[in-house]
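Reader: I've got a model open and would like to learn how to read it feature by feature. Can we start with a helix and work outwards?

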Amino acid sequence: MLKTKFENNVLTAFIEGELDHDSAARIRTKLDGICESIKPKLLNLDFSGVSFMDSSGIGLVLGRYRQMKLLGGAVRVVNIPENMYRLFALSGLEGLGVLR
């Protein structure tokens with residue numbers, strides 16, 4: 001499930017539920033379309049509603065990072081549940097400066 005809010009050139013995507021291969025593909029398609037049309041300066045991926053995540057979640061973040069770079073913007077991953085933060089940190093995303 002995905003809900004979005006666009007305000008002050010910041011697109012916030014509230015991701016909810018389980019984030020696996022299938023749901024990540026749906027979210028990716030929807031987010032790519034929105035970002036291409038409104039070209040936000042910042043994309044916040046809010047993980048506060050994510051109950052489960054596999055490596056597809058990391059792929060989702062990395063893909064949006066590349067897309068936003070091409071659009072001249074940035075990505076931030078916010079409100080990461082404590083039990084998932086380690087997966088993000090081990091993936092190398094801390095080095096990209098996207099974790100908050």
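**Reading a helix, a turn and a strand**

Author: Sure. The buried residues of α2 are Ser56, Gly57, Ile58, Leu60, Val61, Gly63, Arg64, Gln67 and Met68. Keep in mind that this is a predicted model.

Reader: What should I look for in the numbering of a list like that?

Author: Start with the general idea: an α-helix has 3.6 residues a turn, so residues three or four places apart point the same way. Now go back to the list for α2, which includes Gly57, Leu60, Arg64 and Met68, and try stepping through it with that in mind.

Reader: Which elements do the buried residues of α2 pack against?

Author: Quite a list: β2 (10–19), α1, β3 (42–53), β4 (74–78), α3 (82–90) and α4 (93–96).

Reader: And how do I check the length of α2 against what a helix should span?

Author: Multiply out the rise. At 1.5 Å a residue, the 16 residues of α2 (residues 55–70) should span 22 Å, and the C-alpha atoms at its ends are 23 Å apart, so the two agree.

Reader: Let's zoom out. In what order do the elements run from the N terminus?

Author: They go β-β-α-β-α-β-α-α, which comes to four helices and four strands. The chain is as compact as a globular protein of its length, because its radius of gyration is 12 Å, close to the 13 Å that the globule rule gives for 100 residues. If you want a box for it, the C-alpha atoms fill roughly 30 × 30 × 20 Å along the principal axes.

Reader: How much of the chain is buried, and what does the exposed surface consist of?

Author: Buried residues make up 41% of the 100 residues. The chain exposes about 5,400 Å², with carbon and sulfur atoms supplying 51% of that area.

Reader: What about charges: how many are positive and how many negative?

Author: There are 13 positive and 11 negative charges, and their mean positions lie 8 Å apart.

Reader: Now backbone angles. What sign of phi should I expect?

Author: Most residues other than glycine have a negative phi. Here, Asn8 has a positive one, near 55°, and Asn9 has a positive one too, near 65°. Asn8 sits in the loop between β1 (2–7) and β2, and Asn9 is found in that loop as well.

Reader: Are Asn8 and Asn9 buried, exposed or partly exposed?

Author: Asn8 is exposed, because its relative accessible area is 72% and the cut-off is over 50%. Asn9, at 32%, is partly exposed.

Reader: Where would I go for a contrast?

Author: Try Val77 in strand β4. Its relative accessibility is 0%, so Val77 counts as buried.

Reader: Which residues is Val77 in contact with, leaving aside neighbours within four places in sequence?

Author: Leu45, Phe47, Val61, Phe88, Val98, Leu99 and Arg100. Val61 is also one of the buried residues of α2. As for Phe88, its C-alpha is 9.5 Å from that of Val77, with the two positions eleven residues apart along the chain counted as their separation.

Reader: How do contacts look over the whole chain?

Author: Take those with a separation of 6 or more: residues 24 or more positions apart account for 69% of them.

Reader: One last residue: where is Ala25 found?

Author: In helix α1 (residues 21–38). Ala25 counts as partly exposed, at 23% relative accessibility. Ala25 and Phe88 are 63 residues apart in sequence, and their C-alpha atoms are 19 Å apart in space.

Conventions:
Residues numbered from 1 in each chain as written. Predicted model: local features only at pLDDT ≥ 70, side-chain atom pairs only at ≥ 80, totals over all residues. Heavy atoms only, no water. Helix = DSSP H or I, 4+ residues; strand = E, 2+ residues; numbered from the N terminus. Buried < 20%, exposed > 50% of the residue type's maximum accessible area, 1.4 Å probe, protein only. Rg over C-alpha atoms; globule rule 2.2 N^0.38 Å. Contact = heavy atoms within 4.5 Å. Areas by Shrake-Rupley, 256 points an atom, 1.4 Å probe, with all protein chains shown as cover. Lys, Arg positive; Asp, Glu negative; His and termini not counted. Charge placed at Lys NZ, Arg CZ, Asp CG, Glu CD. Expected span 1.5 Å × (residues − 1).
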